[in-house]
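Trainee: I am new to this structure and would be grateful for a close look at a single part of it. Please take one helix and explain how it relates to the rest of the chain.

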Amino acid sequence: MITDLDREIIERVRALRQKEKITQRGLGEIIGTSHNFITQVENSKSQCKYSARHL
């Protein structure tokens with residue numbers, strides 16, 4: 001389950017990523033994961049087990 005704090009951190013990371021014009025693929029390369037992982041974490045409709053701690 002994603003907590004409110006997790007969601008806030010995820011939203012801030014997304015906003016910074018977009019402000020810096022970094023794609024999900026680019027962020028994945030920077031932090032050493034796939035863009036699919038970034039997509040799943042950022043997707044607010046996803047009920048996945050990922051949280052901000054995974055970023």
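**Helix H3 and its surroundings**

Mentor: The buried residues of helix H3 pack against H1 and H2. The model is a predicted one, and H3, residues 35-42, is the helix where confidence is lowest, with a mean pLDDT of 89, whereas helix H2, residues 24-31, has the highest value, 95. For the protein as a whole, the mean pLDDT is 85, and 82% of the residues reach 70 or more.

The setting can be stated briefly. The protein contains three helices and zero strands, and along the sequence the pattern reads α-α-α. Of its 55 residues, 31% are buried.

Within H3, the buried residues are Phe37, Ile38, Val41 and Glu42. They lie on the same side of H3, because the arc they cover around the axis is only 125°. Three of the names in this group return in the largest nonpolar core, which consists of five residues: Ile10, Leu27, Phe37, Ile38 and Val41. H3 provides the largest share of this core, namely three residues. As a general background, nonpolar side chains in soluble globular proteins tend to be buried together.

The remaining buried residue to consider in H3 is Glu42. Its side chain forms a salt bridge with Arg17, with the closest N and O atoms 2.9 Å apart. This pair links distant parts of the chain, since Glu42 belongs to helix H3 and Arg17 to helix H1, 25 residues apart. Glu42 counts as buried because its relative accessibility is 5%, below the cut-off of 20%. Arg17 is likewise buried, at 9% relative accessibility. Contacts across the chain can also be viewed as a total: among those with a separation of 6 or more, 43% are between residues 24 or more positions apart.

Glu42 also appears among the neighbours of Arg7, a residue of helix H1. Leaving aside residues up to four places away in sequence, Arg7 touches Ile2, Arg14, Val41, Glu42, Asn43 and Ser44. With a relative accessibility of 19%, Arg7 counts as buried, because the cut-off is 20%. The side chain of Arg7 meets that of Glu11 in a salt bridge, at 3.5 Å from N to O. These two residues are four apart in helix H1, so about one helical turn separates them. Glu11, at 31% relative accessible area, is partly exposed. Arg7, Glu11 and Arg14 are linked in a network of salt bridges.

The other helix that H3 packs against is H2. There, Gly26, Leu27 and Gly28 are buried, and what covers the buried residues of H2 includes H1 and H3. Leu27 is also one of the residues of the largest nonpolar core. After H2 comes Gly32, which has a positive phi, near 80°.

In summary, H3 has four named buried residues, Phe37, Ile38, Val41 and Glu42, and its buried residues pack against H1 and H2. H3 supplies three residues to the largest nonpolar core, and Glu42 joins Arg17 in a salt bridge.

Conventions:
Residues are numbered from 1 along each chain as its sequence is written. Side-chain values use heavy atoms; hydrogens and water are left out. pLDDT is the predictor's confidence in each residue, from 0 to 100. Buried means under 20% relative accessible area, exposed over 50%, partly exposed in between (1.4 Å probe, protein chains only). Contact means heavy atoms within 4.5 Å. A nonpolar core is a set of buried Ala, Val, Leu, Ile, Met, Phe, Trp, Tyr and Cys residues joined through side-chain atoms within 4.5 Å. The arc is that of the directions from the helix axis to the C-beta atoms. A salt bridge is a side-chain nitrogen of Lys or Arg within 4 Å of a carboxyl oxygen of Asp or Glu.
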